[in-house]
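Open the structure and keep the sequence beside it. Work each exercise before you read its solution.

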Amino acid sequence: MLSERELAFIAIHKDSYPSVFKFVCRRVESVDVAEEIAADVYRIVWQKWADDSRPDLPYLLTVARNLVGNAYRSRDRRLALQEKLRTTAVQRFGGDSENVAVQDAMERLREKDRDILQMAYWDELGTADIAKVLQCSEAAAKVRLHRARTAFRKHLPAGANSTTQKMGV
């Protein structure tokens, strides 16, 4: 049986989610990011909600706007780091090196694929540990890693076979 607070929260979510989601969608680059941010809005509202007041739509949109700003800053930091890594690779190894090809291929991957490859190769985690981090089965982690490797190979230039062999991709 749900408490009054839980029932009220469900009603708030039902009434306002479409508006919050549309608000976020117009401000971010993908539906996946919009869904994640919209979910975070309600997580924050649940955590901060006092029983004596009902959060109104302007409050929810303010929370959403703040989360969108956080997402922009996070994205900008990630892109700046990727560019710094690429620039360093070009300076150290030259623009045509395999290191630069790897950086470029990693940059083109979806975040999920890039993350699992980094866990496997940078952090040297096995599939069992990756599964724990991703909170999924080991079989699911193996499939995700296989898909990420396939996507990585597609983004490498044609002559980069030695890179994929060295990485076991």
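The exercises below go from the overall fold to a charged patch and then to two loop residues.

**Exercise 1. Describe the make-up and overall form of the protein chain in this predicted model.**

Solution.
- Step 1: Count the elements. The protein chain has eight helices and zero strands.
- Step 2: Read their order. Starting at the N terminus, the run is α-α-α-α-α-α-α-α.
- Step 3: Compare with a globule. The radius of gyration is 21 Å, well over the 15 Å that the globule rule gives for 169 residues, so the protein chain is more spread out than a compact globule.
- Step 4: Look at the dimensions. The C-alpha trace spans about 65 × 35 × 20 Å along its principal axes.
- Step 5: Check burial. Of the 169 residues, 31% are buried. The cut-off for buried is under 20% relative accessible area.

**Exercise 2. Find the residues of the patch of negative charge on the surface, and say which helix gives the largest share.**

Solution.
- Step 1: List the members. Asp32, Glu35, Glu36, Glu111, Asp115, Asp123 and Glu124 gather there.
- Step 2: Assign the helices. At least two residues of the negative patch come from each of helix 2 (31–48) and helix 5 (111–122).
- Step 3: Rank the sources. Helix 2 supplies three residues, the largest share of the negative patch.
- Step 4: Take one member. Asp115 lies in helix 5. Its relative accessible area is 37%, so Asp115 is partly exposed. A patch residue needs over 30%, and Asp115 has 37%.

**Exercise 3. Where does Glu124 lie, and is Glu124 buried or exposed?**

Solution.
- Step 1: Place the residue. Glu124 sits in the loop between helix 5 and helix 6 (127–134).
- Step 2: Apply the cut-off. Exposed means over 50% relative accessible area. Glu124 has 68%, so Glu124 is exposed.
- Step 3: Link back. Glu124 is one of the residues in the negative patch.
- Step 4: Read the backbone. Phi of Glu124 is near 55°, which is positive in a residue other than glycine. Most residues other than glycine have a negative phi.

**Exercise 4. What is the phi of Gln135, and which loop holds Gln135?**

Solution.
- Step 1: Read the angle. Phi of Gln135 is near 55°, a positive value, and Gln135 is not a glycine.
- Step 2: Find the loop. Gln135 belongs to the loop between helix 6 and helix 7 (138–155).
- Step 3: Check exposure. The relative accessibility is 73%, so Gln135 counts as exposed.

Methods. Residues numbered from 1 in each chain as written. Predicted model: local features only at pLDDT ≥ 70, side-chain atom pairs only at ≥ 80, totals over all residues. Heavy atoms only, no water. Patch = residues over 30% accessible without salt bridge, like charges linked within 9 Å, V, L, I, M, F, W, Y side chains within 5 Å. Areas by Shrake-Rupley, 256 points an atom, 1.4 Å probe, with all protein chains shown as cover. Salt bridge = Lys/Arg side-chain N within 4 Å of Asp/Glu carboxyl O. Lys, Arg positive; Asp, Glu negative; His and termini not counted. Charge placed at Lys NZ, Arg CZ, Asp CG, Glu CD. Helix = DSSP H or I, 4+ residues; strand = E, 2+ residues; numbered from the N terminus. Buried < 20%, exposed > 50% of the residue type's maximum accessible area, 1.4 Å probe, protein only. Rg over C-alpha atoms; globule rule 2.2 N^0.38 Å.
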